[in-house]
Amino acid sequence: MRTICQDIGIARQTVYSWALDNYDDFADRYTRARHLMALGWADELDEIAADGRNDYFVDEAGKLVPDHEHIARSRLRIETRKWALGKMLPKVFGDKVITEVTGKDGGPVEMQATKIDVLALAPEQRDQLKQILLAATKGKREDE
């Protein structure tokens, strides 16, 4: 974005403003372009990982030695793109999170219910129970 804006002589803030205001349907085109850019990054991941041309160099003694700086930079390029892809297109490239709920020692979750005969309560006890239930549900009712 920076390079393109410099080349055509406009500020990046102008482009962002066009996208936010949807100037001349710009937001849809901008979103599509960003999506295509992300897919291009995904394609580059394999290329970066497979490109080992500069992973080694010949030292003063004529030995072939690994270029750890180049290897680390390639790893950083891959990780940066993976991170950005996970944020930009989380449904496609985001981490899949699975949550399992278990009970004590990995066993099944045990449910406990208490049955209350509301009609057997005194009127003030029913009012107390009503207030407790309203507070617990933050005033929501089943029909809402």
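Which residues does Arg 81 touch, not counting residues up to four places away in sequence? Keep that question in mind as you turn the model, which is a predicted one. Arg 81 is found in helix H4, and its contacts are Trp 41, Glu 44, Leu 45 and Ile 48. Is Arg 81 buried or exposed? Its relative accessible area is 18%, and buried means under 20%, so Arg 81 counts as buried.

Two of those partners, Leu 45 and Ile 48, lead us straight to the next stop. Both belong to the largest nonpolar core, a group of six residues that also includes Ala 38, Ile 78, Leu 85 and Leu 89. Where do these residues come from? Helix H3, which covers residues 26-50, and helix H4, which covers 68-88, each supply at least two of them. H3 gives the largest share, with three residues. Pick out Ala 38 and look at what surrounds it: setting aside its neighbours within four places in sequence, Ala 38 is in contact with Leu 85, Met 88 and Leu 89.

There is also a second core, separate from that one. It has five residues, among them Cys 5, Val 15, Phe 26 and Tyr 30.

Some of these names come up again when we look at how two helices pack. Two packed helices are described by the angle between their axes and the distance between the axes. Helix H2 runs over residues 12-21, and its axis is 7 Å from that of H3, at an angle of about 115°. Angles of 65 to 115 degrees count as roughly perpendicular, and H2 and H3 are therefore described in that way. The crossing of H2 past H3 is left-handed. Which residues meet here? On the H2 side they are Val 15, Tyr 16, Trp 18 and Ala 19, and on the H3 side Phe 26, Ala 27 and Tyr 30.

Now follow the chain through the loop between H2 and H3, where you will find Asn 22. Its phi is positive, near 55°, in a residue other than glycine. With a relative accessibility of 33%, Asn 22 counts as partly exposed. A little further along is Asp 28, whose place is in helix H3. Asp 28 is exposed, because its relative accessible area is 54% and the cut-off for exposed is over 50%. If you would like to try a distance in the viewer, take the C-alpha atoms of Asp 28 and Pro 90: they are separated by 19 Å, and the two residues are 62 apart along the chain.

Our tour continues in the loop between helix H5 (90-93) and H6, which holds Asp 105. Asp 105 is not a glycine, yet it has a positive phi of about 55°. Its relative accessible area is 77%, so Asp 105 is exposed.

The last stop is helix H6 itself, residues 123-136. How far should its 14 residues span at 1.5 Å a residue? The expected span is 20 Å, and the end C-alpha atoms of H6 are 20 Å apart, so the two values agree. And how many of the 14 residues are buried? The number is zero, which means that H6 lies largely in the open. After H6 comes Lys 138, with a positive phi near 55°.

How values were computed:
Residues numbered from 1 in each chain as written. Predicted model: local features only at pLDDT ≥ 70, side-chain atom pairs only at ≥ 80, totals over all residues. Heavy atoms only, no water. Core = buried A, V, L, I, M, F, W, Y, C linked by side-chain atoms within 4.5 Å. Buried < 20%, exposed > 50% of the residue type's maximum accessible area, 1.4 Å probe, protein only. Helix = DSSP H or I, 4+ residues; strand = E, 2+ residues; numbered from the N terminus. Contact = heavy atoms within 4.5 Å. Expected span 1.5 Å × (residues − 1). Axes fitted to C-alpha atoms, helices over the stretch in contact; angles between N-to-C directions. Parallel < 35°, antiparallel > 145°, perpendicular 65-115°, else oblique. Left-handed = near helix turned anticlockwise from the far one by under 90°.
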